[in-house]
Structures are given as structure tokens and as C-alpha cells.
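Please open the model in your viewer and keep the sequence panel beside it, so that each selection can be made by residue number. The tour below goes from one selection to the next and says what is found at each stop.

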Amino acid sequence: MRQLAAALAFLALSGASLAAAAAPPARRALAGATQRPPVVHFVYLVSADREVREDFRAAIAAAARDVQAFYARQLGGRTFRLADPVVQVVRSDRPAAWFYSHDSGRDKPLWGFDNGLAEAARLAGAGHDQPDAAWIVYSDGPGNDGRGGAGVAVLPEDDLLGLVGEHPTQKEPRRWVYGLAHELGHALGLAHPADMDAAPRAIMGRGFYDCFVGTDRCELTAEDRATLAKSRFIAPR
Ligand SMILES: [Zn+2]
């Protein structure tokens with residue numbers, strides 16, 4: 001029995017050696033994968049006590065394409081790339097109320113962002129400042145505070161309702177498409193204008209609130225365009 005055990009131990013080691021020998025090609029494949037053009041991932045994070053809404057998924061995909069086209073119009077044809085499929089639907093085992101009420105350990109206005117990102121990280125691989133991926137997370141957790149920065153934006157149920165015309169006070173879906181353009185700008189490194197009043201049409205200022213009144217009534221400022229010119233996420237279409 002001891003000998004058999006020893007033989008089994010040897011076999012186990014051999015197995016480990018084989019696995020180690022197989023590792024280098026796998027790592028090479030992974031290195032190749034990171035050289036693909038960076039893409040923006042959209043995650044529809046469905047709470048444990050909510051149903052998947054196809055109209056939400058479709059609205060996120062349409063908004064993603066609309067914002068991609070807005071950036072292209074503003075940047076002379078350059079814009080970000082979308083993942084395939086455009087929207088990844090992910091089921092969380094957290095209830096909807098958890099997202100904006102669970103203490104993440106930081107200031108309360110950041111809880112929804114922190115919790116949404118934590119779940120998208122666990123379930124879809126989202127994370128800050130990834131070289132080949134930025135992440136836009138739509139959570140159906142009730143909240144009204146979308147936020148973005150450092151490669152990530154997290155948007156609450158308000159934005160989902162807005163995209164399908166069900167927001168209680170702001171009924172125009174394009175208001176929420178331009179809201180996405182704003183938060184995605186944060187994710188790609190854009191800041192608010194230093195002087196909001198001097199840039200009333202800035203999408204990164206208050207411009208996104210009434211941008212839908214005409215076609216692109218709001219804009220990326222010269223400073224925004226200079227920042228995005230250096231972004232690895234922005235490339236010719
Ligand atoms: Zn902002």
C-alpha cells in the first residue's frame with residue numbers, strides 16, 4: 001500500500017510536470033490576446049431578485065452604439081470599439097437593494113459604484129485601468145448616482161429606466177444616452193470642465209442634460225479631444 005501510495009504520488013508529480021510543460025504555449029496565447037485593440041465592455045448586471053429585461057439589454061446595446069457614433073462625430077471618425085456581444089448579461093446573487101445600500105467602506109455616495117464594480121469584477125472580470133478593456137456596468141439596483149473613472153463606469157436602475165423611457169421625471173431616452181456618453185468619458189479619463197459655466201455645451205459638464213434637444217447640442221471640448229487623442233481606446237472606426 002505504501003508503495004502504491006508512493007507510485008501514485010509520483011504519478012501526481014508527473015501530472016504536475018506535464019501541466020507545467022504545457023504552460024508556456026498557453027502564456028504565449030494570452031500575451032497575443034492582450035495585443036488586440038482595447039474594447040469597451042457593457043455589462044448588464046441583473047440582481048438575484050430581478051428578472052432579465054430584454055428591453056434593458058437591447059437599450060444598453062443601442063445606447064452603446066449611439067455613444068460610439070457620437071464620439072466618432074466629435075473626433076473626426078475616431079471612436080472606441082465595442083465587445084462582441086456588445087452587452088454581456090450577468091446574474092448576481094445579490095438582491096437589488098444591496099447595491100446602493102451596502103456599506104462598501106468608503107463614503108456613501110460611492111457605495112453603488114463600489115458594489116456594482118465588485119460584482120462585475122467577480123462575475124465578468126471587470127476592473128480599473130485594464131490595458132485592453134474598459135467596463136460600463138449597468139446595475140438594476142435602485143439608485144440615481146452614476147459614476148465613472150479609471151476605466152470603469154457604474155450606472156444604476158435610474159439609467160436603465162431612462163433608456164427605455166420609464167424614468168419618473170426625465171422621459172426622453174436620449175437624455176440617458178448622453179448621460180452614458182458623460183460617464184463613459186469619465187471611464188476613459190475625462191474630467192469635468194474646470195469652469196462649468198464657461199463650457200455650457202460640454203458633455204463632461206452639464207451639457208448632457210439637454211443635449212437631445214437638437215443633434216449633438218453638446219460636445220467634447222478641445223481639452224477632452226486632446227486627452228482622447230492619447231487614449232489607446234480611441235482608434236479609427
Ligand atoms: Zn461627471
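In which strand is the place of P85? Select residues 82-91 and you will have strand β3, which holds P85. Keep in mind throughout that this is a predicted model. Now add D84 to the view and look at the bond between D84 and P85, which is a cis peptide bond with an omega of about 0°.

Next, widen the selection from β3 to the sheet around it. Five strands form this open sheet, in the order β3-β1-β4-β6-β5, and their pairing is mixed. Because β3 and β5 stand at the edges with a single partner strand each, one side of each is left without a neighbour in the sheet. On average, and with direction ignored, neighbouring strands of this sheet are turned by 15° against each other.

Select residues 39-46 to bring up strand β1, which runs parallel to β3 and is joined to it by six bridges. To look at one pair, pick L45, whose bridge partner in β3 is V90. As general background, the strands of a sheet pair through backbone hydrogen bonds, either parallel or antiparallel.

Now turn to the helices that pack on the sheet. Residues 54-74 are helix α2, which touches β1, β3 and β4, and its direction makes about 150° with that of β3. Residues 173-187 are helix α6, which touches β4, β5 and β6, and its direction makes about 30° with that of β5.

Two loop residues come next. Select D129, in the loop between α4 (111-124) and β4 (133-139); its phi is near 50°, a positive value in a residue other than glycine. Is D129 buried or exposed? D129 counts as exposed because it has 11 C-beta neighbours inside 10 Å. Then move to A150, in the loop between β5 (147-149) and β6 (152-155), where phi is again positive in a residue other than glycine, near 55°. With 14 other C-beta atoms within 10 Å, A150 is partly exposed.

Finally, colour the model by confidence. The protein averages a pLDDT of 88, and 85% of the residues score at least 70. Over residues 1-29, however, the pLDDT is below 50, and this stretch has zero contacts in the model beyond near neighbours in sequence. Where pLDDT is low, the predicted coordinates should not be read in detail.

How values were computed. Residues are numbered from 1 along each chain as its sequence is written. This is a predicted model: local features need pLDDT of at least 70, side-chain atom pairs count only at pLDDT 80 or more; totals for chains, interfaces and linings use all residues. Helices (H or I, at least four residues) and strands (E, at least two) are DSSP runs, numbered from the N terminus. A residue is buried if 20 or more other C-beta atoms lie within 10 Å of its own, exposed if 12 or fewer, and partly exposed in between; C-beta atoms are placed from the backbone. Two strands pair if DSSP finds at least two bridges between them. Axes are lines fitted to C-alpha atoms, for helices over the stretch in contact, and angles run from 0 to 180 degrees between N-to-C directions. Two residues are in contact if their C-beta atoms, placed from the backbone, lie within 7 Å. pLDDT is the predictor's confidence in each residue, from 0 to 100.
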